[in-house]
Amino acid sequence: MGLPDLVELSDLLEPFSRRGIDLALGRLEAALAEAGHPERQFVAVQVAGTNGKGSICTFLGAILQAAGLRCAIYRSPHLVSWCERLELNGQWISGPDLRRAVASWQQLGERHRLTPFELLTGAAFSHCAGAAIDLAVLEVGLGGRLDATTTHPDRRVLGMASIGLDHCEHLGSSLGAIAAEKAGVFQPGAVAISGPQLPEVAAVLTREAQARGTQLRWVEPLGSDQPLGLAGQWQRTNGAVALAMAEALRGQGWPIPAAAINQGLAEARWPGRLELCRWQGQELLVDGAHNPPAAAALRQELDHISSSTKGAPGPRRWLLGIQRHK
């Protein structure tokens, strides 16, 4: 699946430079209530963490689609087009549909002083409710405890991607503080799945799961015998989390056969993540590593590629795009 067409939303969303990040749940909860609670019309699973959230969502979405379930994936952020934020049954939302969804929330956004991400999330919930989906896969935007996606009340299965230092200005300056914010998605009766974490992070997740009545399950990376549609050794862990989330859903009664799990893991596609492509005859490797843990993982993968290449590898040239605050 390639990237969707561009869509202009600057006339519908308040500029980020003006509003920025303002983590809270109350504003969106009030707006959802006024909208008739569209979020209550479908079940959701949620994925939090620092690196790998989107990959876990992609794997799980592919599994659910292979099982014949009507599935939506709500992601954040996007690479090129706002339409990347919402995928329905394996297809990006169209530009016109996204504009209509966001426009329908304009008055709600103004009355409740919603941030751009809150407005997008509310619009996505309404669109999903109208699409009569079976299940939505929600990627946390920032943190977890106060993230807009956490306003969804029925998140039966939770995934935890690798947790590291990022967005420290909003989440805290230590791994423990950041892990506690991300564990804020835990809720009574839910099942949470995590791959290996740093000891400080694992201790916090265990403590918070016990305090919040969430069953926490740990998984190891998948073996090399399991085909994966996304490249990179780190996807072995992301794939394992998605697989265990699918099995947890199956334990709750969802019809997800083992064949659909294998098919989804093998057929998952997501542009811009260790993606090998060609441009004007040149071979390019495109990746969105955006923080120190992701950069270290990319370095390890490049070393692995070099060691597996026959003969001396040629020179590499880097084209980097970095936000000022990074």
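User: How much space lies in the second largest cavity?

Analyst: Welcome! This is a predicted model, where local features need pLDDT of at least 70, side-chain atom pairs count only at pLDDT 80 or more, and totals for chains, interfaces and linings use all residues. Residues are numbered from 1 along each chain as its sequence is written, and side-chain values use heavy atoms, with hydrogens and water left out. On a 1 Å grid over the protein atoms alone, a cavity is a set of points where a 1.4 Å probe fits but cannot get out, and a pocket is an open set with protein on both sides within 12 Å along at least five of seven lines; lining residues have an atom within 4 Å of a point. With grid points joined across faces, edges and corners, and a volume taken as the space filled by probe spheres set on the points, the second largest cavity holds about 40 Å³.

User: Which helix gives the most to the lining of that second largest cavity?

Analyst: The lining includes I56, M160, S194, T237, N238 and V241. By class it has five nonpolar, six polar and no charged residues (nonpolar: Ala, Val, Leu, Ile, Met, Phe, Trp, Tyr, Cys and Pro; charged: Asp, Glu, Lys and Arg; polar: the others, Gly among them). Helices (H or I, at least four residues) and strands (E, at least two) are DSSP runs, numbered from the N terminus. With three residues, the one that gives the most, at residues 235–251, is helix α10.

User: And which element gives the most to the lining of the largest cavity?

Analyst: The largest cavity has a volume of about 60 Å³. Its lining has eight nonpolar, one polar and one charged residues, among them Y74, R85, L120 and H127. Two elements give two or more residues to this lining, α4 (95–103) and α6 (116–130). The one that gives the most, with four residues, is α6.

User: Which element gives the most to the lining of the second largest pocket?

Analyst: The second largest pocket has a volume of about 180 Å³. Of its 14 lining residues, A62, Q65, E267, A268 and R269 lie nearest the centre. By class, the lining has five nonpolar, five polar and four charged residues. The element that gives the most, with five residues, is α3.

User: How many disulfides does the structure hold?

Analyst: A disulfide is a covalent bond between the sulfur atoms of two cysteines. Here the rule asks for a pair of cysteine sulfur atoms within 2.5 Å. The sulfur of C128 is 9.1 Å from the closest cysteine sulfur, in C71, so the two are too far apart for a bond. Across the structure, the number of disulfides is zero.

User: Is C128 buried or exposed?

Analyst: Buried means under 20% relative accessible area, exposed over 50%, and partly exposed in between (1.4 Å probe, protein chains only). C277, at 25% relative accessibility, counts as partly exposed. C128 has a relative accessible area of 4%, so this cysteine is buried.

User: Which strands stand at the edges of the open sheet?

Analyst: Strands of a sheet pair through backbone hydrogen bonds, either parallel or antiparallel. In this model, an open sheet of eight strands runs in the order β4-β3-β2-β5-β1-β6-β7-β8, with mixed pairing. Two of these strands have a single partner each, so one side of each is left without a neighbour in the sheet; they are β4 (91–92) and β8 (215–218).

User: Over how many bridges do β1 and β5 pair?

Analyst: Two strands pair if DSSP finds at least two bridges between them. On its other side, β5 pairs with strand β2 (residues 71–74) in the parallel sense, with Y74 opposite L138. Towards β1, V43 stands opposite L135. β1 and β5 (residues 135–139) also pair in the parallel sense, and the number of bridges is five.

User: Which residue in β5 is the bridge partner of A44?

Analyst: A44 lies in strand β1 and is buried, with a relative accessible area of 0%. Leaving aside neighbours within four places in sequence, A44 is in contact (heavy atoms within 4.5 Å) with residues including L135, L138 and H152. Both faces of β5 are covered too, with L135, V137 and E139 buried on one side and A136 and L138 on the other. The bridge partner of A44 in this strand is A136.

User: How many of the eight residues of helix α8 are buried?

Analyst: Helix α8 (residues 175–182) is mostly covered. Its cover includes β1 (43–48), β6 (155–160), α7 (168–171) and α9 (199–212). Among the buried residues are L175, I178 and K182. Of the eight, the number buried is six.
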